[in-house]
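Okay, thanks everyone, I'll keep this short. Have a look at what's on the screen and then I'll walk you through it.

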Amino acid sequence: MILQQRTQLTPVAKPALTALGTALVILLALGATARAADCPRPGTLGTSRVLTVDPAQYPRVGTKSFPQTLPLNDKEIILTFDDGPAATTSAVLKALRDECVHATFFMVGKGAHEMPAMVKRVAAEGHTIGHHTWSHRYLARIGFAAAKEEIDRGIDADNAALAGVPSRTRTAPFFRFPYFESTPELLNYIQSKHYAVFGADFWASDWEPMTPEVQLKLLIGRLEAIRKGILLLHDPRAQTAAMLPAFLRYLREHGYRVVHIVPAGSSTAAVKTDPIKRGGN
Ligand SMILES: [Zn+2]
């Protein structure tokens, strides 16, 4: 309708208006792109704050395995994903990006070695990368030397996958044992490396096959019981990737806040706090 009206304008005015219209279209397109890409963004969950984790202060966290966990307020959640990178990591990243939240990925070194581009993408999108051994073995059952090799080779592979990226996006000194299976000797070894060992405070049991709907219901039930903590999920699980958008929406609609953990000395620690959400919930 508007275009038809424009055809009635004089030949002098028409090109000017066309140029104006083109500029307007470009501006609108740029605006839409910016809204889709930029975080924080109104209407999204948003990372509510960044928590710096110093392994010296918090050597072992997560009440499923240890007496201590990270200092969180009521309704504050830390999102963690184990066992990636994998093909489904893309969908997980999209869900996180759509809600402007940051998570921590405990990666398996073998996968990182095979999919370095995905590791770089996780880092580039602002998430924290921790370590989950080279090949996800039961470390308490293979002897100290082999376990140590699994730990160190995994860390090296995760770091190698990020070769060439800016130093601010390097991996964090955060480690999680496969199956949460450790020994006192291995715990001491991790501590001697100045890495923090992560357990979890709750999880979705997403290693069990179930529909995304059933998993969401299970997870929400556990969330409402515990109300805060370090949540363990698995990005290679398709059911988890499928469930994640609805879960993040649930967090947003029920006043939960996502806390992003970063290593001490991280240059990004100060800029990731989302001022829009701070007083919002
Ligand atoms: Zn695992």
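Let me start with a question: which residues in the largest nonpolar core touch the most other members? Before I answer, keep in mind that this is a predicted model. Right, so the core has 65 residues, and the ones that touch the most other members are Ile 77, Ile 78, Val 101, Val 119, Ala 196, Phe 198 and Leu 231. H9 gives this core its largest share, six residues.

Take Ile 78 from that list. Leaving out anything up to four places away in sequence, Ile 78 touches Leu 70, Ile 230, Leu 231, Val 259 and Ile 261.

Now back to H9, and to its packing against H3. Helix H3 covers residues 89-98 and helix H9 covers residues 238-253; their axes are 8 Å apart, at an angle of about 10°. The two helices are therefore roughly parallel to each other. On the H3 side you've got Ala 91, Val 92, Ala 95 and Asp 98, and they meet Ala 241, Leu 244, Pro 245 and Leu 248 in H9. By class, that contact has seven nonpolar residues, one charged and no polar ones.

Last thing, confidence. The mean pLDDT of the protein is 86, with 80% of its residues at 70 or more. Over residues 1-36, though, the pLDDT is below 50, and that stretch has five contacts beyond near neighbours in sequence. Residues 269-281 are also below 50, but there the model has 25 such contacts. Where pLDDT is low, please don't read the predicted coordinates in detail.

Conventions. Residues are numbered from 1 along each chain as its sequence is written. This is a predicted model: local features need pLDDT of at least 70, side-chain atom pairs count only at pLDDT 80 or more; totals for chains, interfaces and linings use all residues. Axes are lines fitted to C-alpha atoms, for helices over the stretch in contact, and angles run from 0 to 180 degrees between N-to-C directions. Helices (H or I, at least four residues) and strands (E, at least two) are DSSP runs, numbered from the N terminus. Angles under 35 degrees count as roughly parallel, over 145 as roughly antiparallel, 65 to 115 as roughly perpendicular and the rest as oblique. Two residues are in contact if their C-beta atoms, placed from the backbone, lie within 7 Å. Ala, Val, Leu, Ile, Met, Phe, Trp, Tyr, Cys and Pro count as nonpolar, Asp, Glu, Lys and Arg as charged, and the others, Gly among them, as polar. pLDDT is the predictor's confidence in each residue, from 0 to 100. A nonpolar core is a set of buried Ala, Val, Leu, Ile, Met, Phe, Trp, Tyr and Cys residues joined through C-beta atoms within 7 Å. A residue is buried if 20 or more other C-beta atoms lie within 10 Å of its own, exposed if 12 or fewer, and partly exposed in between; C-beta atoms are placed from the backbone.
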